[in-house]
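Hi,

Here's the structure I said I'd pass on to you. Have a look at it first, then read my notes below.

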Amino acid sequence: MEELKRVELFTDGACSGNPGAGGWGCILRCGEVSKELSGGEAQTTNNRMELTALIKGLSALKFRCHVTVYSDSKYVLDAITQGWAQKWRANGWMRNKKDKALNPDLWETLLGLLARHEMEYVWVKGHAGHPENERCDALAVAESQKYK
């Protein structure tokens, strides 16, 4: 069995207005090497930016890894760890008989990326002094400011 590289992925999204101008930021760390990524959109939602941060971070990985994700988004982490996103997909992107799941395009992409890696998830309290979460938030907010 191959030994997977261990990667830490810190993510955050921000939105000024919801919907409104948004940004995302992430930090990838493998050993002593770190890489910051960020971007934004003129018209989006906070949840879309939270999902995008995770998608962009995972998309930057060139090979299968053991990835520990650190996020302050209960929406993202609970939908993954509780199996909700997989159920939404199995039900044609419906949360229940009458309510559509939000952001099916991003969830479809994310579920494919998650399947490539060995995943672990850690929820961190936002705006509570966690250094990497604060940095990701600063990246996301700076990106959102570009669209005002």
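Let's start with a question: is Cys15 buried, partly exposed or exposed? Cys15 turns out to be partly exposed, because its relative accessible area is 23%, and a residue has to be under 20% to count as buried. Keep in mind as you read on that this is a predicted model.

**Cysteines**

How many disulfides does a search of the whole structure find? The answer is 0. For Cys15, the closest cysteine sulfur belongs to Cys136 and is 17 Å away, so a bond is ruled out. Cys136 has its closest cysteine sulfur in Cys26, at 6.5 Å, and that is also too far for a bond. A disulfide would need the two sulfur atoms within 2.5 Å. As for its surroundings, Cys136 is buried, because its relative accessibility is 0%.

**Two glutamates in helix α5**

Helix α5 covers residues 131–145, and Glu134 is found there. Glu143 lies in α5 too. Which of the two is buried? Glu143 counts as buried because its relative accessibility is 11%, while Glu134, with a relative accessible area of 30%, is partly exposed.

Now look at what they touch, leaving out residues up to four places away in sequence. Glu134 is in contact with His127, Ala128 and Gly129. Glu143 touches Gly22, Gly23 and Trp24, and also Ser38, Gly39 and Gly40. One more thing to find on screen: Asp12 is 122 residues from Glu134 along the chain, yet their C-alpha atoms are separated by 8.6 Å.

**Helix α1 and its partner**

Helix α1 runs over residues 46–59 and makes a nice check on helix length. Its 14 residues should span 20 Å at 1.5 Å a residue, and the end C-alpha atoms are indeed 20 Å apart, so the two values agree. The buried residues of α1 are Met49, Glu50, Leu51, Thr52, Ala53, Leu54, Ile55, Gly57 and Leu58.

How does α1 sit against helix α4 (residues 104–116)? Their axes are 10 Å apart and the packing angle is about 30°. Since angles under 35 degrees count as roughly parallel, α1 and α4 are therefore roughly parallel to each other. Their crossing is left-handed. On the α1 side, the contact is made by Arg48, Leu51, Thr52, Leu54, Ile55, Leu58 and Ser59. From α4 come Asp105, Leu106, Trp107, Thr109, Leu110, Leu113 and Leu114.

Have fun with it, and shout if anything is unclear!

Terms used. Residues numbered from 1 in each chain as written. Predicted model: local features only at pLDDT ≥ 70, side-chain atom pairs only at ≥ 80, totals over all residues. Heavy atoms only, no water. Helix = DSSP H or I, 4+ residues; strand = E, 2+ residues; numbered from the N terminus. Buried < 20%, exposed > 50% of the residue type's maximum accessible area, 1.4 Å probe, protein only. Contact = heavy atoms within 4.5 Å. Expected span 1.5 Å × (residues − 1). Axes fitted to C-alpha atoms, helices over the stretch in contact; angles between N-to-C directions. Parallel < 35°, antiparallel > 145°, perpendicular 65-115°, else oblique. Left-handed = near helix turned anticlockwise from the far one by under 90°.
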